[in-house]
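Here is a friendly look at how a protein holds its ligand. Please keep the sequence and the model at hand while reading.

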Amino acid sequence: MRIIGTGSARPSLVVTNAMLENFLDTSDEWIVTRTGIHERRVISSENLEDLASTAALRAMEDAGVTPEQIDFIICSNVVNEYVTPGLGCIIQGKIGATCPTMDINCACTGFIYALDIAESYLATKDMKNILIVCAEEPSRMMNWKDRSSCILFGDAAGAAVVTKGDDLKAIRLSTHCKVEALYQKRKLQPTPFLTKEESDGGVVMNGQDVFKLAVSSSIKDIDKVLGMAGITADDIDLYVLHQANVRIIEAIQHFVKQDRSKFPVNLNKYGNVSSASIPALLDDLNRGNKLRTGEMLLLSAFGAGFTTGACILRWSK
Ligand code: ACO
């Protein structure tokens with residue numbers, strides 16, 4: 001497969017660290033030093049499905065494809081206001097497409113999982129263009145009294161249109177069940193038959209465990225995909241990594257021993273936007289003319305599950 005278009009959309013409200021100081025026992029200095037995040041975009045009046053559709057339409061415009069030319073939609077989403085139908089169905093209607101859709105929930109690693117599904121579908125089915133939309137509103141999952149987690153996240157949508165091609169050089173997906181490191185539970189509707197207790201609340205995260213899992217799994221994934229592609233870390237032009245914490249990115253940079261300039265970062269402005277992180281960063285790079293034809297990109301992400309994934313992609317747009 002190859003990527004032929006990218007798009008993104010973000011909520012209008014900018015929430016700075018100083019704004020968090022108004023209701024949390026925290027400081028701009030603590031957040032910036034520990035995470036690299038200065039501000040994030042948080043949904044106020046917007047609906048996630050509108051951000052998702054805007055990102056999708058921007059990617060389609062960039063790719064030069066019409067809604068009728070989209071053969072399949074893969075939507076990566078952890079949570080939105082609709083339990084059902086899947087967000088992909090809603091996006092399909094909003095953008096005027098008529099193809100089948102599929103939702104996946106692989107947390108922050110969703111874009112890499114979606115690329116793998118797209119690669120397989122393009123190789124085995126009669127499809128030409130697949131739209132991937134990653135749309136997330138982690139702000140609605142947080143306990144906004146928990147200063148160790150709510151400061152990390154923002155909301156966004158990122159999208160890409162992929163078509164048949166030979167740009168995916170290697171891909172690796174993994175899941176290691178580690179629910180306790182990062183989870184959120186919700187109460188479902190009561191029934192006349194229910195006898196068990198259920199819990200409800202915001203995201204529960206063991207930050208230090210997640211940090212260690214993130215670094216160790218990313219390093220392993222990166223090593224493996226470089227080996228699969230038969231290239232070295234020096235051959236990668238840009239490391240497009242999940243934007244969770246700048247210290248995680250620096251730890252990975254240290255491991256691959258590459259110049260800081262190869263690690264684009266936008267988490268300072270947007271925080272961790274879950275699976276929208278990599279496609280929205282790719283879109284920023286694409287629209288900022290920071291990507292050159294023939295460049296080798298290494299994408300790597302991790303998220304609740306614990307899911308991880310990495311791939312090597314030649315940029316040929
Ligand atoms: N402001 C001020 N102090 C804080 C804050 C805050 N926002 N949050 C925690 N603290 C305090 C703690 O209470 C603790 O105080 P104590 O020493 O008195 O107990 C102290 O700061 C140190 O806390 P640590 O947890 O040790 O801080 P750490 O350096 O580990 O940083 C952080 C915490 C930023 C959460 C880090 O562990 C991290 O980034 N982990 C990865 C998180 C992540 O990436 N999650 C999402 C990944 S998966 C996905 O994307 C869905």
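What follows is a short tour of the ligand site.

This is a predicted model, in which local features need pLDDT of at least 70, side-chain atom pairs count only at pLDDT 80 or more, and totals for chains, interfaces and linings use all residues. Residues are numbered from 1 along each chain as its sequence is written, and side-chain values use heavy atoms, with hydrogens and water left out.

**Around the ligand**

The shell around the ligand (residues with a heavy atom within 4 Å of it) holds 25 residues, and Thr26, Arg34, Cys108, Gln208 and Asn245 come nearest. By class, twelve are nonpolar, nine polar and four charged. Helix 6 (207-229) supplies at least two shell residues, as do helix 2 (28-35), helix 7 (246-256) and strand 12 (296-303). The largest share, four residues, comes from helix 6. Helices and strands here are DSSP runs (H or I, at least four residues; E, at least two) numbered from the N terminus.

**Side chains facing ligand oxygens**

Each row gives the distance from a ligand oxygen atom to an N or O atom of the side chain.

| Side chain | Distance |
|---|---|
| Gln208 | 2.5 Å |
| Asn245 | 2.6 Å |
| His242 | 3.0 Å |

The protein covers 74% of the 1,000 Å² of accessible area that the ligand has on its own (Shrake-Rupley method, 1.4 Å probe).

**An annotated span**

The unreviewed UniProt entry annotates residues 229-315 as "domain: Beta-ketoacyl-[acyl-carrier-protein] synthase III C-terminal"; such annotations may be inferred rather than shown by experiment. In the model, the end C-alpha atoms of residues 229-315 lie 15 Å apart, and the span is 31% helix and 23% strand.

Technical notes:
Polar contact = N/O pair within 3.5 Å; in protein donor to acceptor, adjacent residues only side chain to side chain. Nonpolar A, V, L, I, M, F, W, Y, C, P; charged D, E, K, R; others polar.
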